[in-house]
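Here is a short briefing on one protein model and its ligand. The sequence and structure come first.

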Amino acid sequence: MRAFSFFRRASRLFDENRSLSKLLVVFTVSSGGLLVYSESNSYNGMTNADQPQIDTKKKRVVVLGTGWAGTSFLKNLDTTLYDVNIISPRNYFAFTPLLPSVTCGTVEARSVVEPIRNIIGKRKGDSTFWEAKCVKIDAKGKKVHCLSDQDVNSELKEFTVDYDYLVIALGAQVNTFNTPGVVENCHFLKEVEDAQKIRRSVIDCFERASLPTLSEDGKVKTLHFVIVGGGPTGVEFAAQLHDFVSEDLVKVYPDVKDLVKITLLEAGDHILNMFDKRITAFAEEKFHRDGIDVKTGSMVFEVNDEAISIKDRSSGAVSSIPYGMIVWSTGIGTRPVIMDFMHQISQTNRRVLATDEWLRVDGCDNVYAIGDCATINQRKVMEDIMEIFNKADADKSGTLTVKEFQHVIDDVCERYPQVELYLKNKRLKSIVDLLKDSKGNRERESIELDIEEFKNSLSEVDSQMKSLPATAQVAAQQGLYLARCFNRMKEAEENPEGPLRFRGMGRHRFHPFRYKHLGQFAPLGGEQTAAQLPGDWVSIGHSSQWLWYSVYASKQVSWRTRVLVISDWIRRFVFGRDSSRI
Ligand code: FAD
């Protein structure tokens with residue numbers, strides 16, 4: 001037992017001093033290695049962390065971010081194949097769909113997070129985590145520059161990490177649309193800390209309103225909760241807050257309970273406008289019944305420490321609403337480090353990083369981007385129409401028969417998913433129907449198309465291209481997909497498994513990424529949820545709430561968080577939510 005613990009301590013010591021041991025090897029084994037070391041040290045006086053410098057023959061994969069995309073990648077990557085370094089200012093994964101529940105104590109903050117070291121610790125192989133921010137990506141030098149927030153000397157805070165493959169999973173930041181006063185006066189709901197702050201702030205408002213010194217007007221103002229943004233997060237927070245107040249706080253603050261007001265401001269014509277119309281209508285009606293004041297068509301143009309100023313979109317009328325607390329939830333913007341990187345690689349005038357369908361960042365080698373920080377630049381059929389025609393025209397006759405085209409149909413549909421979408425929307429059974437349609441002859445099997453007719457038949461398919469939503473579902477599926485590609489890198493090099501290369505020879509190494517939509521929820525409070533499932537199947541009410549509970553319990557990243565979340569739900573059912581301000 002003692003011997004075992006000695007080995008464990010010794011190996012931990014070795015792990016902790018990897019940089020030292022590697023440096024020694026670098027000094028003694030190769031002067032080339034030394035050169036690499038001194039080079040990476042030279043940037044801006046940065047010091048180098050214990051990054052792997054020796055060629056262990058394993059490629060170095062650097063993962064930026066421990067959110068949905070990064071964690072999904074790490075959970076599925078075969079870490080025995082690579083030397084993996086993970087960099088994030090957050091040493092945990094957060095289950096963001098439950099953050100609105102954290103704001104009101106329906107679940108506790110610690111129940112929705114899992115330490116990243118627990119996650120990577122369960123994997124075989126070499127993975128190292130450094131709690132730091134990436135401040136610059138240097139694609140030419142194949143390195144990332146990092147800055148730690150730890151309380152150490154300034155020269156120890158900065159370091160660089162070299163990579164062979166870089167996976168950027170940095171997510172996004174809140175978007176204030178540069179509205180004056182928002183950063184200074186509003187709460188955001190993006191991180192776990194934000195949710196904790198909101199929870200404290202709600203209780204603060206109630207305690208302040210209960211003071212004997214406050215006037216009636218002051219109490220009304222203090223208990224006015226304003227939510228800006230009628231998307232899923234804003235709506236769920238409004239619903240959670242309403243439940244918290246009506247089920248729990250009315251009992252502990254009986255004197256001020258009648259003064260509480262919740263207002264939801266939305267610039268568009270409806271809340272939840274990305275959902276089915278039936279869900280939008282139900283949500284607006286339910287909020288009306290619950291006394292939540294939904295003001296649609298309201299643009300916020302300024303916030304100060306007393307009031308929020310709005311302009312009515314249709315009448316142009318301007319008004320100022322006093323508030324006690326504001327939660328700003330109007331969508332996402334680009335992180336500065338991503339902006340800087342986009343400038344470097346000439347992806348200017350974009351909101352997020354563009355990748356191809358294999359999630360490789362356009363314009364640089366061996367750099368991948370997944371999750372909210374990226375979008376797939378789907379290739380248009382029309383860009384490759386000549387090449388598709390030439391590849392399909394096997395006998396080089398200059399015309400294409402249906403039979404000839406059938407040989408490449410699967411590859412076309414895989415390479416250009418918009419084709420399938422177009423067929424689905426047009427209710428056409430197959431691409432052959434599309435060709436027949438364009439020829440205006442449904443009877444003859446032996447249709448022949450020249451290039452102009454072929455172009456004509458596919459001319460509208462690109463209109464179906466849609467970018468993917470910035471959701472956890474997309475991020476997690478991209479992480480999983482990319483990890484599977486990394487795991488099969490060698491095999492796929494020898495036996496490419498993707499579709500035909502229309503602009504080149506052979507096949508693509510991998511199948512392109514395909515998103516599978518599994519549906520989405522909008523919890524509306526009072527144990528009622530709206531669910532929009534694949535096939536535009538809509539379900540609203542208490543039964544969907546149970547579906548929500550089961551899906552979110554099953555999607556937890558570990559058994560520990562699953563047990564914690566379920567026990568929080570049971571605790572809330574039995575004892576209600578806690579109103580202590582801690
Ligand atoms: P994130 O999960 O945001 O992760 C980004 C990671 O990068 C973090 O670890 C962060 O610390 C790290 N990072 C940031 N800056 C740096 C830096 N400079 N250097 C290194 N690392 C850095 N989606 C759904 O599908 N369903 C839902 O119900 C849902 N509910 C949501 C509720 C809320 C309140 C919020 C905020 C989001 C919700 N989403 C939901 C959206 C979902 O959370 C995001 O789409 C998802 O988190 C995107 O994953 P990501 O990995 O790209 O980014």
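The notes below cover the ligand site, two sheets and one annotated segment.

This is a predicted model, in which local features need pLDDT of at least 70, side-chain atom pairs count only at pLDDT 80 or more, and totals for chains, interfaces and linings use all residues. Residues are numbered from 1 along each chain as its sequence is written, and side-chain values use heavy atoms, with hydrogens and water left out.

**Ligand shell**

- The ligand has 30 residues around it; a residue counts as near if one of its heavy atoms lies within 4 Å.
- Ala69, Thr96, Cys134, Asp372 and Ala472 come nearest.
- By class, the shell holds 15 nonpolar, ten polar and five charged residues. Here Ala, Val, Leu, Ile, Met, Phe, Trp, Tyr, Cys and Pro are nonpolar, Asp, Glu, Lys and Arg are charged, and the others, Gly among them, are polar.
- At least two shell residues each come from helix H4 (68-76), strand E2 (82-88), helix H5 (99-103), strand E6 (133-138) and helix H20 (472-487). Helices (H or I, at least four residues) and strands (E, at least two) are DSSP runs, numbered from the N terminus.
- H20 gives the largest share, three residues.

**Atoms close to the ligand**

- A backbone N or O atom of cysteine 134 lies 2.7 Å from a ligand nitrogen atom.
- For glycine 67, a backbone N or O atom is 3.3 Å from a ligand oxygen atom.
- Tyrosine 552 places a polar side-chain atom 3.0 Å from an oxygen atom of the ligand.
- The protein covers 89% of the 1,000 Å² of accessible area that the ligand has on its own (Shrake-Rupley method, 1.4 Å probe).

**Parallel sheet**

- Five strands form an open sheet, ordered E11-E18-E12-E13-E14, with parallel pairing. Two strands pair if DSSP finds at least two bridges between them.
- Strand E11 (187-188) and strand E14 (293-296) are the edges; each has a single partner strand, so one side of each lacks a neighbour in the sheet.
- Four bridges link strand E12 (residues 224-228) to strand E18 (residues 325-328).
- Phenylalanine 225 has methionine 325 in E18 as its bridge partner.

**Antiparallel sheet**

- Three strands form an open sheet in the order E25-E26-E27, paired antiparallel.
- Strand E25 (520-525) and strand E27 (537-541) are the edge strands, each pairing on one side only.
- Five bridges join E25 to strand E26 (residues 528-533).
- Phenylalanine 521 stands opposite alanine 531 in E26.

**Annotated segment**

- An unreviewed UniProt entry annotates residues 380-415 as "domain: EF-hand"; such annotations may be inferred rather than shown by experiment.
- Over residues 380-415 the chain is 56% helix and 6% strand, with the end C-alpha atoms 10 Å apart.

Conventions. A polar contact is a pair of N or O atoms within 3.5 Å; within protein, one must be able to donate a hydrogen and the other to accept it, and residues adjacent in sequence count only if both atoms are side-chain atoms.
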